[in-house]
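User: I am in my first year and would like a careful, close look at a single part of this model, explained slowly and with each term defined as it comes up.

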Amino acid sequence: MKNDFFVSNLVELAPVHIDTDLPLWEKWDHDSDYQRQLNIYPARQMSAASMKEWFEKDNLKSALFSIHELKESKTIGFVELDGYEWTARTSWVGIAIGEDEYRGRGYGTDAMNVLLKFAFRALNMHRVNLSVFEFNKRAIRSYEKCGFKYEGTSREQIYKEDKRWDVYNMGILQKDWELLQSLEK
Amino acid sequence: MIGTSLFIGQQIELTAINPEKDMEALSAWTADQEFVKEFLEGDFHPYSAAELKKAISEKIKKADENHGAYYFAIRPIGKPDVVGVLIFGWIWSSQQSGRIFLFFEDKASLEQYGEEVLKLGLRYAFMELSLHRLWTELSDHNPTKLTIFEKAGFLRETQRKEALFFDGTYYDQLDYAMLKPEWKKLQEEVQNEK
């Protein structure tokens, strides 16, 4: 029997396939809005070949997954748990849906829930952190659905388009996530 | 000269960390979980002077190459003793933001020098690193330090529930920050009082 720990209703979390996934990353990165919602660094263009080099050289201290939608087993994005801190047992999550037609349809929320299951039930994390930019309303709604709670604002952390933008900080505790699971059953 | 010294205060001065001479003193500080977590960004255990020398030399070398961090040893003026460290890290030039970390060897030094070091540190952050935003992470585990940052004008922005674990107890992580316009306003207020 296939182990279905990483499978949910809409998606499966799978290891990143360097040869087939990285060209998708390069394609997604060509959309500057995508990069500007993903992280704080200046948006840039990097080839799949350079990413491959980085992957093979870098000893990843994180869990990085491709998000596969189940119907066609197509890679639609990625999700990553990193920044492990094993004293308080905390970590950080980042997620992106690169394929436009899969945005706003629950795929990201579903993938985040599988990742939280991994964080809390496999790694026994105590809490998971995330940061989201104030202009990314769709992501904020998705995180709230997963049970993340707003914990504060990093004022004017982002400087783009000659404007300063806030970053919202959210978090979820293991016990609160487990409580949500028992309620949803 | 375009201003008063960035490095010399009333009682203390900001100087280089010396990987040859300071390691015996700093080795004793590695019994403190906060120091190891924030300064070495490594697993917590006490470090020998030799281990520390290696770790710190690498950090200083990397910071020199990528301009991502700035390290200072805090010393009473004219004395060789190091009583604390001041570090600016997470420098994101494109976003004009960075993080301040302050550590003293004991509570007495924190109380005696903390305010003065922060005054120098804020000027360095806003007038030399030219940051717009300076942030730091604190907690109720060290209330003295919390009070000093609050008195300096840092505002609490985020309370991360049970994100820290010290001495067998979970603490909320309290994120504080100051923005350059806020700092400038405080300087004007000080000027007006004079």
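Analyst: What follows is a close look at chain A, from its overall build to a few of its residues and then to the side that touches its partner.

This is a predicted model, in which local features need pLDDT of at least 70 and side-chain atom pairs count only at pLDDT 80 or more, while totals for chains, interfaces and linings use all residues. Residues are numbered from 1 along each chain as its sequence is written, and chains are lettered from A and ligands numbered from 1 in the order in which they are written.

Chain A holds 6 helices and 7 strands, where helices (H or I, at least four residues) and strands (E, at least two) are DSSP runs numbered from the N terminus. Along the sequence these elements follow the pattern β-α-α-α-β-β-β-α-β-α-β-β-α. The radius of gyration of chain A is 16 Å, close to the 16 Å that the globule rule gives for 185 residues, so the chain is as compact as a globular protein of that length; this radius is taken over C-alpha atoms, and the rule is 2.2 Å times the number of residues to the power 0.38. Along the principal axes, the C-alpha atoms of chain A fill a box of roughly 45 × 45 × 35 Å.

Of the 185 residues in chain A, 33% are buried, a word used when 20 or more other C-beta atoms lie within 10 Å of a residue's own, with exposed meaning 12 or fewer, partly exposed in between, and the C-beta atoms placed from the backbone. Among contacts in chain A between residues at least 6 apart in sequence, 57% join residues at least 24 apart, a contact being a pair whose C-beta atoms, placed from the backbone, lie within 7 Å.

Helix α4(A), residues 107-122, has 16 residues and reaches 22 Å from its first C-alpha to its last, close to the 22 Å expected at 1.5 Å a residue; the expected span is 1.5 Å times one less than the number of residues. This helix is mostly covered, since 12 of its 16 residues are buried, including Y107(A), M112(A), L116(A) and F120(A). Just after α4(A), N124(A) takes a positive phi of about 60°.

Two further residues of chain A invite a comparison of their backbone angles and their surroundings. S73(A) has a positive phi of about 55° although it is not a glycine, and S73(A) lies in the loop between β2 (63-69) and β3 (74-85) of chain A. E156(A), also a residue other than glycine, has a positive phi near 55°, but E156(A) lies in strand β6 of chain A. S73(A) is exposed because 9 other C-beta atoms lie within 10 Å, whereas E156(A) counts as buried because E156(A) has 20 C-beta neighbours inside 10 Å.

Finally, there is the side of chain A that faces its partner. Here 20 residues of chain A are in contact with 22 residues of chain B. The elements that give two or more residues to this side of chain A are β5 (127-133), β6 (149-160) and β7 (163-173), and β6(A) gives the most, with 9 residues. By class, the side of chain A that touches chain B has 6 nonpolar, 10 polar and 4 charged residues, where Ala, Val, Leu, Ile, Met, Phe, Trp, Tyr, Cys and Pro count as nonpolar, Asp, Glu, Lys and Arg as charged, and the others, Gly among them, as polar.

Conventions
Two residues are in contact if their C-beta atoms, placed from the backbone, lie within 7 Å.
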